[in-house]
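Colleague: I am new to this protein and would like a close look at a single part of it. Could you walk me slowly through the part you choose?

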Amino acid sequence: MKYEMLLTTPDDVEYMSEKLDAFYDSIVPPSERPSTEGYVLKVSDENGNIIGGCIAYVNSWDILRIDTLWVDEHHRKCGLGSKLLEKIEYVGREKGCYLSTLGTGDFQARGFYEKNGYQVCGTVENSPQGHVSYSMAKRLDCPILGTVSNHDDGKLHTITFGTEEDGDFIDDKLDEYNCSHATLPNRYERFGKKFVDEQGNLVAGIFIRADIYRTANGTDVWGAANVSVLWVEERYRNERFGSKLLLDIERTAKENSGDFILLDVLDCQSTFFLKHGYRIVGEIQNCPRGHRWYTMKKLLE
Ligand SMILES: CC(C)(COP(=O)(O)OP(=O)(O)OC[C@H]1O[C@@H](n2cnc3c(N)ncnc32)[C@H](O)[C@@H]1OP(=O)(O)O)[C@@H](O)C(=O)NCCC(=O)NCCS
């Protein structure tokens, strides 16, 4: 049988993502929750303007993931961030979550989260270029020690649930903050490769998102390339399809001056990547329950 390597289509990526989700579910059965549930929390001033907010979701493994937390610069260090965090953790606990996870950068809020009980579980240097990113986690099934912030601006701020539009506003505000405190990628490039058999059936595929930076002389170079899906149909495993796809992506990244490849995997998947020269740079224990969640990285030399 002959196999051909082609670029993936959006349908291929959706198909592989579903397969990967089903694979994860077969290892760690999901909770009763039908699917991922998202939440937007907001704090408004007396004129109804949003002055702080948080966006998070609860996944089917009972893990709260905090995607966005932002407080308007005129209202920082008054305890609002801590109150938003406390409230979203309360929502998570109500939904049965035992763990809360998030990512933050050296130009953002590591110290703030540490004061609120989070621990650094992983460190990725040069992500974005010139900065360090941290993965952080906090158990939610331990006794609550109370809020850390003694600061109070004397005003009564009520935290309420916001709409999707409020969420977009909060996201935009965090983006504004990030852009003014770090050099972020100019754009992202998403693409993938697949192997198909003689009938055109997908046998295996990989999909990545690369950070693209524009250099001073106007050329685009890759920073980190994040592998979001690598999937080989069950009956084609151990035939080197996965290795070939991974090597192909690494070669493409190198050709584009890429710095490194990054990926997140469940503990049981890590051996394959260790064999290919990846090393563990982050480890969240008991995530999902009974497992470890690894962040793995390979420098491209
Ligand atoms: C991070 C942020 C949400 C914190 O909100 P806040 O209302 O200012 O925080 P609090 O007043 O509740 O702070 C509680 C404690 O954390 C400290 N803290 C606040 N922001 C901090 C930061 N960025 N880094 C380190 N420590 C911080 C405070 O000094 C305070 O400590 P103290 O009690 O010992 O004095 C807010 O500063 C912000 O929006 N920053 C810009 C966007 C950002 O970085 N968001 C996080 C993305 S991952």
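Modeller: Helices (H or I, at least four residues) and strands (E, at least two) are DSSP runs, numbered from the N terminus, and two strands pair if DSSP finds at least two bridges between them. Residues are numbered from 1 along each chain as its sequence is written. This is a predicted model, in which local features need pLDDT of at least 70 and side-chain atom pairs count only at pLDDT 80 or more, while totals for chains, interfaces and linings use all residues.

With those terms in hand, strand 13 and strand 14 form a hairpin with 6 residues between them, and Asn 286, which lies in the turn, has a positive phi of about 55°. The two strands of this hairpin run antiparallel and are joined over 6 bridges, with Gln 285 finding its bridge partner in Arg 292 of strand 14. Strand 14 also pairs with strand 12 (residues 260-266), again in the antiparallel sense, over 7 bridges, and there Ile 261 has Lys 298 as its bridge partner.

To place the hairpin in the whole, the protein is divided into domain 1 (4-29 + 185-299) and domain 2 (37-181), with bounds that come from an automatic or database domain assignment. The contact between them takes 17 residues from domain 1 and 14 residues from domain 2, where contact requires C-beta atoms, placed from the backbone, to lie within 7 Å. Strand 13 (279-285) and strand 14 (292-299) are among the strands that each supply at least two residues of the side of domain 1 that touches domain 2, and strand 13 gives the most to that side, with 4 residues.

Technical notes:
Contact = placed C-beta atoms within 7 Å.
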